[in-house]
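This report concerns the sequence and three-dimensional structure shown below. It is written for a reader who wishes to relate individual residues to their surroundings.

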Amino acid sequence: VTPSKEPDPAVLPAYGCQRRTPLAHHNAMLTEALETLARDAAFSGDETRSLAFTRAASALKALPRRLGSLRDLAALPGVGKHCRRVIQEVLEDGSSAEVEAVRRSERYRTMQLFTGIFGVGTRTAASWYQEGLRTLADLRATGPRLSRQQQAGLQYWEDLATPVTLAEAEAIRELVQAEAQRILPDATVTLVGGFRRGKPMGHDVDLLLSHPEEGREQALLGPLVASLEQQGLLLYQQRQPNTFGQEPSSSSMDQFERCFAIARLALPGAGDPGAWRATRVDLVVAPRSQFAFALLGWTGSRHFERELRRFAGRQRGLALSSHGLYDPQREMFLPATTEEEIFQLLGLDYVAPTERNA
Ligand code: CTP
Ligand code: MN
Ligand code: MN
């Protein structure tokens with residue numbers, strides 16, 4: 001173990017939102033092993049087991065040094081027996097037999113492939129696997145059973161499996177902002193998701209749209225999508241209306257107006273002047289009064305968000321979503337205009353976007 005001036009890991013707090021989790025950390029071998037098991041458990045529909053592995057991996061990501069021995073583990077929150085065994089194996093042998101077996105298994109590999117397709121969730125992938133389907137060619141042969149979204153996912157699979165670079169994400173943000181401001185001059189377009197957390201690559205481009213004047217944002221997405229489509233910049237798009245305050249929310253998914261799209265991004269400097277690639281783009285529209293909550297909710301990571309909501313509920317008795325922070329005692333939403341204010345309302349130290357890679 002190398003000596004370290006960092007605080008003792010014994011003080012690592014229990015919730016992911018109470019810790020600083022940088023993108024680059026010191027325990028990648030361990031976290032990759034645990035995250036493989038987390039994915040495998042999720043593929044079997046066992047969310048509780050999956051979460052246990054994710055929690056342990058997340059704690060390791062926040063550790064300011066390489067885990068040297070099992071003794072160091074006593075100080076980490078949320079590491080159960082099974083995780084401990086896997087960590088011990090990796091520490092002693094350089095890999096875990098259980099994890100390697102999962103990685104080699106036909107089921108895991110097929111589920112990875114299928115759930116990686118735009119529009120395909122765990123349940124669909126599992127039912128395809130049950131039916132004996134194994135490859136993209138198998139899926140293409142089943143044509144009629146695919147949704148329009150899944151057809152697009154298959155059609156552009158190769159491009160969509162190629163990571164989006166930060167430069168490409170910035171280019172799309174600028175293009176969308178120029179178009180949005182042609183429709184509404186003061187419209188704002190913010191790059192959120194993994195890129196806001198400092199990731200150099202991503203699987204998609206997440207853009208949060210708003211307008212300084214409450215309500216004006218409602219006139220944005222329809223014309224924007226129509227205009228992009230007219231210019232041949234969209235290969236696929238699926239819009240959803242805002243349902244906040246209309247239907248009770250069924251999941252932890254927010255109810256903003258949104259568009260899941262595949263953009264046709266020109267690639268200048270690729271040699272061929274007509275070169276382009278397909279890129280997944282998520283557009284989400286938030287009114288100014290909910291902007292800070294939407295920004296926080298759409299910056300992620302998914303686990304950081306889950307931990308924020310769990311902390312708010314269990315430790316503060318408040319319900320946090322991408323729309324607001326609700327106090328059931330006072331039967332009101334607590335207003336905030338910045339992320340810093342939301343952390344303050346929760347009684348949490350502020351965590352910068354680049355430290356939310358839990
Ligand atoms: N999100 C959400 N509702 C959805 C989809 C995403 O609230 N229906 C939020 C997630 O909580 C996440 C953020 O949007 O924090 C970005 O999600 P996603 O693009 O899936 O993940 P990234 O962290 O951006 O990772 P990647 O680089 O793979 O895109
Ligand atoms: Mn993303
Ligand atoms: Mn996304």
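The text below treats confidence, the metal site, ligand 1, aromatic contacts and two further positions.

**Confidence of the model**

The structure is a predicted model. Its chain has a mean pLDDT of 95, and 96% of its residues reach 70 or more. Among the elements of the chain, the highest mean pLDDT, 99, belongs to strand 2 (residues 188-192), and the lowest, 94, to helix 7 (residues 136-141). For the complex, the predictor reports an ipTM of 0.97 and a pTM of 0.95.

**The manganese ions**

Which residues hold the manganese ion (ligand 3)? Its protein donors are D204, D206 and D282, each through an OD atom, at 2.1 to 2.3 Å. Along the sequence these donor residues follow the spacing D-x1-D-x75-D. For the manganese ion (ligand 2), the protein donors are D204 (OD) and D206 (OD), which lie 2.0 to 2.1 Å from the ion. The two manganese ions, ligand 2 and ligand 3, are 3.6 Å apart, and D204 bridges them.

Both D204 and D206 are buried. The remaining donor of ligand 3 named above, D282, is found in strand 7 (residues 276-285). With a relative accessibility of 7%, D282 also falls under the 20% limit and therefore counts as buried. In addition to its role as a donor to ligand 3, D282 makes a polar contact through its side chain with the side chain of R280, at 2.8 Å.

**The surroundings of ligand 1**

Ligand 1 is surrounded by 17 residues, and the closest are G194, K199, H203, D204 and G300. D204 thus appears both here and as the residue that coordinates the two manganese ions. The table lists side chains that have a polar atom close to an oxygen atom of ligand 1.

| Side chain | Distance to an oxygen atom of ligand 1 |
|---|---|
| R197 | 2.9 Å |
| H203 | 2.7 Å |
| D204 | 2.8 Å |

**Aromatic contacts**

Seven aromatic pairs are found in a search of the whole structure. One of them joins F114 and W128: the ring centres are 5.7 Å apart and the planes meet at 85°, so the pair is classed as edge-to-face, for which the angle must be over 60 degrees. F114 belongs to helix 5 (residues 106-115) and W128 to helix 6 (residues 122-130), so the pair ties together parts that are 14 residues apart in sequence. Are these two residues buried or exposed? F114 has a relative accessibility of 0% and counts as buried. W128, at 6%, counts as buried as well.

A second example is the pair of F244 and F333, which is also edge-to-face, with 6.3 Å between the centres and 65° between the planes. This pair links distant parts of the chain, 89 residues apart: F244 is in the loop between strand 5 (234-240) and strand 6 (257-266), and F333 is in strand 10 (residues 332-334). Both residues are partly exposed, F244 with a relative accessible area of 29% and F333 at 44%. Together with Y326, F244 and F333 form one aromatic cluster.

A ring also takes part in a contact with a charge. The charged end of R288 sits over the ring of F291, at 5.0 Å from the centre of that ring.

**Two further positions**

G45 is located in the loop between helix 1 (28-43) and helix 2 (47-62). Its relative accessible area is 55%, which is over the 50% limit, so G45 is exposed. Between the C-alpha atoms of G45 and L209 the separation is 34 Å, and these residues are 164 residues apart along the chain.

L345 is part of helix 14 (residues 339-346). A relative accessible area of 35% makes L345 partly exposed. From C-alpha to C-alpha, L345 and E100 are 44 Å apart in space, and 245 residues separate them in sequence.

Terms used
Residues are numbered from 1 along each chain as its sequence is written. Chains are lettered from A and ligands numbered from 1 in the order in which they are written. This is a predicted model: local features need pLDDT of at least 70, side-chain atom pairs count only at pLDDT 80 or more; totals for chains, interfaces and linings use all residues. Side-chain values use heavy atoms; hydrogens and water are left out. Rings of Phe, Tyr and Trp (its six-membered ring) pair if their centres lie within 6.5 Å; planes under 30 degrees apart count as stacked, over 60 as edge-to-face and the rest as tilted. Helices (H or I, at least four residues) and strands (E, at least two) are DSSP runs, numbered from the N terminus. Buried means under 20% relative accessible area, exposed over 50%, partly exposed in between (1.4 Å probe, protein chains only). A charge sits over a ring if NZ of Lys or CZ of Arg is within 6 Å of the ring centre and within 35 degrees of the ring normal. Donors are N, O and S atoms within 2.8 Å of the metal (3.2 Å for Na, K and Ca); water is not among the atoms, so sites may look incomplete. pLDDT is the predictor's confidence in each residue, from 0 to 100. A residue is near a molecule or strand if one of its heavy atoms lies within 4 Å of it. A polar contact is a pair of N or O atoms within 3.5 Å; within protein, one must be able to donate a hydrogen and the other to accept it, and residues adjacent in sequence count only if both atoms are side-chain atoms.
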